[in-house]
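Reader: Hello! Please give me a close look at one sheet in this model, and then work outward from there. I like to know the cut-offs behind each term.

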Amino acid sequence: MIAAEPRTLPEGESPDLILVPATASERIASIKLNSGEWKGPLDLESYIARENHLLTHRLTRDALTCWVLVDRREPEDSRTILSACESYRKPALLAHHGQVEKVSTHGVGSVFSRPEFRGKGYARRMMEELSTKLETWEMEEEKRGKSVFTVLFSDIGKKFYAQFGWRPFPSSHMSLRAEAGVDTGARELFAEDVQKDLCSEKVMGKLHDQMLAASQKSPVAKIAIVPDFDHFSWHWAREEFYAENLFPERSPPVVKGAGVDKAGVYCTWNRVFGETPEENLLYILRWVYEEPSSPVDEQTTIQAMAAILRRAQHEAHEWNMSKVVFWNPTPLLQKAVALVDPTSEIVHRENDSVASLRWTGEAEGLGEGVEWWLNEKYAWC
Ligand SMILES: CC(C)(COP(=O)(O)OP(=O)(O)OC[C@H]1O[C@@H](n2cnc3c(N)ncnc32)[C@H](O)[C@@H]1OP(=O)(O)O)[C@@H](O)C(=O)NCCC(=O)NCCS
């Protein structure tokens, strides 16, 4: 049986171990195994339904691989899952030597070993194998035939994944408590507004141009995971699944962000439901704004950000969430936070959601360093 304990467990270094894509039934078995860790307030059946629902989403439909570390001598579908994880192929941009390339990357998530198999080197073996596998996995259509980087968000600190090349990158956040508010002057954004205001050709073109200009100025390669509508709507598919499951009497949340048109400042968010109200968080997935070109412009931008943050606090309150959280706030955003709540401080995460990137561009002549652009919550998986 898949979840049964074999009579003798193989060593983590055993040549009999292989990392392979799970069969459909092995994928379900691995979801069941990790449910205790990640199902949150859902029951098991709903958690499996959530995973199946998300699998059909545009972001992941043809892009998600569930990996299992197994003993090659066991027959498919009856293999003991020693460790498991998922990888998500995503579109990305790579800027270097005065050019911008469209590339693909993988995000890694759901790294898991069942409690009774822990400490035996299975996750280590899995990550070792995965690190090199992902360099060419589903990269046949890439110009280079390989990825130049992959990412993950570590919930177990900075050391474990660094051994396999996933180096920690800036992982800070600020938060504001949920609060019922008056009209702040920010416009609510619905899904179609987010598409128009945060995912337009103009916005994407600007990102491309900024990366291009930066790559002409400095020799260090720059990458960004494309902040496209599929990313945002995947996060919303999660929140809507939870909302429908946990609050069947309530319409699912439709306000997906806020903006101030005259300042050109927008953000989109999603709601994360935990097991207690304290764990319910409204995450800002991404900010879009023009770099101000004068002190007056700067004040307008900061005021707009503050209005949007207050609207987000109100939205968090509406959904019984404790806080609004946003990753790697820019200096401008920090000034806006100071207007809303001067006591809010920046937190540098050491243990959870540590943004980590494995760079293999050096072998491609792209240099040893890399800058991660748009290191915001939308890229999390
Ligand atoms: C993290 C996890 C996958 C490790 O699996 P495993 O098969 O026991 O891992 P290995 O035996 O290969 O390696 C154990 C290593 O894990 C690391 N580790 C495990 N849990 C850790 C934690 N909570 N914090 C920091 N490091 C941790 C240790 O560094 C240990 O290294 P060591 O041997 O040098 O002491 C497993 O503990 C697990 O499934 N945990 C719950 C889910 C989870 O947190 N997944 C990670 C999400 S990013």
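**The open sheet and its surroundings**

Author: Happy to! Seven strands form an open sheet with mixed pairing, in the order β8-β10-β11-β12-β13-β7-β14. The edge strands, each pairing on one side only, are β8 (187-189) and β14 (347-348). This is a predicted model, in which local features need pLDDT of at least 70 and side-chain atom pairs count only at pLDDT 80 or more, while totals for chains, interfaces and linings use all residues. Residues are numbered from 1 along each chain as its sequence is written. As for terms, strands (E, at least two residues) and helices (H or I, at least four) are DSSP runs numbered from the N terminus, and two strands pair if DSSP finds at least two bridges between them.

At the β8 edge, three bridges link β8 to β10 (residues 257-260), and the two run antiparallel. E188 stands opposite A258 of β10. In general, strands of a sheet pair through backbone hydrogen bonds, either parallel or antiparallel.

Now for the wider setting. The domain assignment, which is automatic or taken from a database, splits the protein chain into domain 1 (17-170 + 353-379) and domain 2 (173-348). Taken over C-alpha atoms, the centres of these domains are 26 Å apart. Their contact (C-beta atoms, placed from the backbone, within 7 Å) takes 39 residues from domain 1 and 35 residues from domain 2. On the domain 1 side, α2 (44-55), β3 (83-96), β4 and β16 (370-372) each supply at least two residues. The largest share of that side, seven residues, belongs to β3. By type, the domain 1 side has 19 nonpolar, 14 polar and six charged residues; here Ala, Val, Leu, Ile, Met, Phe, Trp, Tyr, Cys and Pro count as nonpolar, Asp, Glu, Lys and Arg as charged, and the others, Gly among them, as polar.

UniProt has its own label: an unreviewed entry lists residues 181-381 as "domain: LYC1 C-terminal". The positions follow the numbering used here, the feature name is shortened, and such annotations may be inferred rather than shown by experiment. Over residues 181-381 the chain is 38% helix and 22% strand, with end C-alpha atoms 31 Å apart.

Back to β3, which runs antiparallel to β4 and is joined to it by twelve bridges. H96 has Q99 in β4 as its bridge partner. Two residues lie between the strands of this hairpin, where H97 takes a positive phi near 45°. β4 also pairs with β5 (residues 149-154), this time in the parallel sense over three bridges. G107 has V151 in β5 as its bridge partner.

The strand β4 leads us to the ligand as well. The ligand is surrounded by 17 residues (C-beta atom, placed from the backbone, within 6 Å), and the closest are S113, R118, A123, R124 and I156. Both β4 (99-112) and α3 (122-136) supply at least two residues of this shell, and α3 gives the largest share, three residues. The shell divides into six nonpolar, six polar and five charged residues.

Terms used
Contact = placed C-beta atoms within 7 Å.
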